[in-house]
Amino acid sequence: MDLNSIIRIASPPPRHWLTHTRLNQSRTVIQCVYRFESSKANALGGLNFSPGGRYDWQSSCAILASKVVSQQQDKEMNGGADGISAVNGHHTHDLVPVKTAKTVPSAFPKPLSIADLLPAPMHGSQLRVAYQGVPGAYSEAAAGKAYPNCEAIPCDQFEAAFQAVELWIADRAVLPVENSLGGSIHRNYDLLLRHRLHIVGEVQLPVHHCLLALPGVRKEYLTRVISHPQALSQCEHTITKLGLKVAREAVDDTAGAAEYIATNNLQDTAAIASVRAAELYGLQILANGIQDDSSNVTRFVMLAREPIIPRTDRPFKTSIVFAHEKGTSVLFKVLSAFAFRNINLTKIESRPHRNSPIRVEEDGNEGMAKHFEYMFYVDFEASMAELRAQNALAEVQEFTSFLRVLGSYPMDMTPWIPSREENI
């Protein structure tokens, strides 16, 4: 029995669904219309983490998937020393690598058909990649960088992109997790824990903002600027320097702001969006490169239904999430497990324990003490094919009540060039 069969047998039927809303003759957006059924979820963010549960099993797979691959490498390097053999009482499962599909270019997403609900395409077929937003969004550009010439599928919200992959409507999802100026996108961290997808890669995209308006509109005629909240904050000082006395209005995404102006023929409104958004929606660029800081980069993660086998022939990064029933008291011990093995941490993020946000303790002197409960997300520079990473997580598990590997994946090593400020 292969892994795909095991996952299908072990997975409960999805408790959510998507609708495909036809916006025009050339584009369809996936919309999320039903949420995860939280009434049957437990205290750990709506997931089943009971002993022997599916997510526990997936964590074990991700931690130990590379055991067969790493054994031969370890024998050559240190005389055959083995890594850990089990986590939470589960033995190693051998995983198959995810195949990379050849793709063909597509200008705009085509309407979804019944064929889109079939299993993922075989080698040589077009790869379908879900992203949040509309064509022209930075997330679409990130999807194209991660999977060149893929069929990019727009979704109206982040959760719809997760569900599109889970329901086999899409093969991958590319979603933002942090920005160099705005910080973490907390919603996606919460969804990473709630859903069953695995991180299989990352891509870093420089953000180049432009001020867009209808053709013929001059800057002095503007009374309003609309865009995503982060885009508005990232261009605040430049908008002031341009002498614009405009109201700022937040919308769902940058490209959506450009589309809204073009659709409604708004003569007094400008959008902050990308050059591609200007081209797609027929807008003129009033100012180019208006971000306050040229070092503006957004990091995206690539998500799939199955993890990949970690390797050691290139730099890898591993993402985990953990919690402890006694709060933050073990955080130092957990971090020491990485420090003692010279494993660099690139990210640590804390999020409230959604279904159990406060822990109450008896205090003999002053009554009841209340403490906030957290989940901790950590990224570190090591592959799960390395013994030091396997041993570090084996030690982390001793100090935590819950541990899940979100993915072990290649780092994005693409050279980065800051955007230039070229005001028109």
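I began by fixing one term, since I take contact to mean heavy atoms within 4.5 Å. With that in hand, I looked up how the contacts in this predicted model are spread along the chain, and I noted that residues 24 or more positions apart account for 76% of the contacts in the protein with a separation of 6 or more.

**Entry: the whole chain**

I then read off the overall make-up and found twelve helices and 21 strands in the protein. Of its 424 residues, 51% count as buried. For the surface I wrote down an exposed area of about 19,600 Å², of which carbon and sulfur atoms supply 53%.

**Entry: the five-stranded sheet**

I followed an open sheet of five strands, which come in the order S12-S11-S13-S10-S14 with mixed pairing. Which strands stand at its edges? I found strand S12 (247–250) and strand S14 (284–288) there, and because each has a single partner strand, one side of each is left without a neighbour in the sheet. From one strand to the next, the twist averages 30 degrees.

Looking at one pair inside this sheet, I saw that strand S11 (residues 224–227) and strand S13 (residues 269–273) run parallel and are joined by three bridges. Here Val 225 stands opposite Ala 270 in S13. I also noted that helix H9 (residues 254–264) packs on the sheet, where it touches strand S10 (210–213), S11 and S13, and that the direction of H9 makes about 150 degrees with that of S13.

**Entry: the four-stranded sheet**

I turned next to an open sheet of four strands, ordered S17-S20-S16-S21, in which the pairing is antiparallel. Its edge strands are strand S17 (345–352) and strand S21 (402–410), each of which pairs on one side only. The twist in this sheet averages 15 degrees from one strand to the next.

I checked strand S16 (residues 316–323) against S21 and found eight bridges between these antiparallel strands. Among the residues involved, Phe 322 has Leu 403 as its bridge partner in S21. Two helices pack on this sheet, and I recorded them in turn: H11 touches S16, S17 and strand S20 (374–380), with a direction at about 160 degrees to that of S17, while H12 touches S16, S20 and S21, with a direction at about 160 degrees to that of S21.

**Entry: helix against helix**

I wanted to know how H11 and helix H12 (residues 387–399) lie against each other, and I found that they pack at an angle of about 170 degrees with their axes 9 Å apart. Since angles over 145 degrees count as roughly antiparallel, H11 and H12 are therefore roughly antiparallel to each other. The contact is made by Lys 333, Val 334, Ala 337 and Phe 338 on the H11 side, and by Ala 392, Leu 393, Glu 395, Val 396 and Phe 399 on the H12 side. Sorted by class, this contact has seven nonpolar residues, two charged ones and no polar ones.

**Entry: Phe 338**

Finally I singled out one residue from that contact, Phe 338, which lies in helix H11 (residues 331–339). Is Phe 338 buried or exposed? Its relative accessible area is 0%, and because buried means under 20%, I entered Phe 338 as buried. Leaving aside its neighbours within four places in sequence, I listed the contacts of Phe 338 as Ile 320, Ile 343, Leu 345, Phe 380, Ala 392, Leu 393 and Val 396. For Leu 393, which is 55 residues away from Phe 338 along the chain, I noted a C-alpha separation of 8.6 Å.

Conventions
Residues numbered from 1 in each chain as written. Predicted model: local features only at pLDDT ≥ 70, side-chain atom pairs only at ≥ 80, totals over all residues. Heavy atoms only, no water. Buried < 20%, exposed > 50% of the residue type's maximum accessible area, 1.4 Å probe, protein only. Axes fitted to C-alpha atoms, helices over the stretch in contact; angles between N-to-C directions. Parallel < 35°, antiparallel > 145°, perpendicular 65-115°, else oblique. Nonpolar A, V, L, I, M, F, W, Y, C, P; charged D, E, K, R; others polar. Pairing = 2+ DSSP bridges. Areas by Shrake-Rupley, 256 points an atom, 1.4 Å probe, with all protein chains shown as cover.
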